[in-house]
Amino acid sequence: KKKKKKVWSAMAAAADCAENIAAFRKALESEALAEFGEDAAPDDSTIARYLRARKGNVAKAVAQFTATLAWRRDNVPADILGPDPKEYVYEALCPHRNHLFDREGRPVFISLQGQVNVPQLLRHCDQPTLVRRHVRQMEIMMHRMRESSQQRGQPVTSQVVIYDMAGLSLKPNSAALSLFRECSRIDQDYYPETLHVCVIVNAPWIFMPIWAIVRPWLAPETRDKIKVLGSDYRAELLKYVAEEDLPPQLGGTCDKCDGCCVPPLKPLDEPARLLQQKAAADEIAAAQGDS
């Protein structure tokens, strides 16, 4: 582990080296900005992220950033942060919140992952729709990082993710694994080095075989940032998030969100009720449109 830390420190130093950042910027000007325009020019902290992802190799970092620009042109519309027409589905079936910031100003995302009902979710959203939802969440995270950077007067370039696995199904879901693999690929290819730490809490024994399946899909640097814990997780979370900013459901004392830091678990019939309400509202809207 000490050897890994030394290697990673050397990589980080290469990424932050002013000479490498200048070389990246020069190569980008000659290769990509002519196609994507001057507005696509990244700031130094973004360049450093791509350099870290490519272990200080300028040519590979420029190639990855150029590929990101091309991907964003096709997959990140200008209105991606606007209202999501499927929000009612996610509220019913995917309890999650963008919740405050950690001790260093990094945005915190919390998901009650063990409660996600994937089979029911896929009845209302196909996989491409769910992938777009993930991209939208990553863009929200990037927006929150920019806001935090401005408020703190220094770059904030990564996030803290907390997955609560309580209630996880005893049977691995192939559709969920496929979705996870595609979202992980997008994160590593187009949002490199934006994860500070992912803390998985309340992981039951069944999670370990699932983790053994998905672990090889992740880059070694990403795997090193993921911590898998059981029910004794409070001390680990408090390393990153202050007690007063941590939801009570996760061992904190946060009272900044009117008791809704993390959405409460819904009765089993609640998702169906919400979906029926939405369907009825759509029928009324359609009828009014025809009149």
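A charge sits over a ring if NZ of Lys or CZ of Arg is within 6 Å of the ring centre and within 35 degrees of the ring normal. Keep that handy for the exercises. This is a predicted model, where local features need pLDDT of at least 70, side-chain atom pairs count only at pLDDT 80 or more, and totals for chains, interfaces and linings use all residues. Residues are numbered from 1 along each chain as its sequence is written, and side-chain values use heavy atoms, leaving out hydrogens and water.

**Exercise 1.** Find which residue lies over the face of F101.

*Solution.* Go to the ring of F101 and look over its face: there you meet R144, at 4.7 Å from the ring centre.

**Exercise 2.** Work out how the rings of W71 and Y190 are arranged.

*Solution.* Step one: recall that rings of Phe, Tyr and Trp (its six-membered ring) pair if their centres lie within 6.5 Å; planes under 30 degrees apart count as stacked, over 60 as edge-to-face and the rest as tilted. Step two: the centres of W71 and Y190 are 4.3 Å apart and the planes differ by 10 degrees, a stacked pair. Step three: W71 and Y190 are both buried (under 20% relative accessible area; exposed is over 50%, partly exposed in between; 1.4 Å probe, protein chains only).

**Exercise 3.** Classify the pair F180 and W217.

*Solution.* First, the ring centres of F180 and W217 are 6.5 Å apart, with planes at 35 degrees, so this pair is tilted. Next, check exposure: F180 is partly exposed at 30% relative accessible area, and W217 is partly exposed at 23%.

**Exercise 4.** Name the aromatic cluster that includes Y50.

*Solution.* Y50 joins F24 and F65 in one aromatic cluster.
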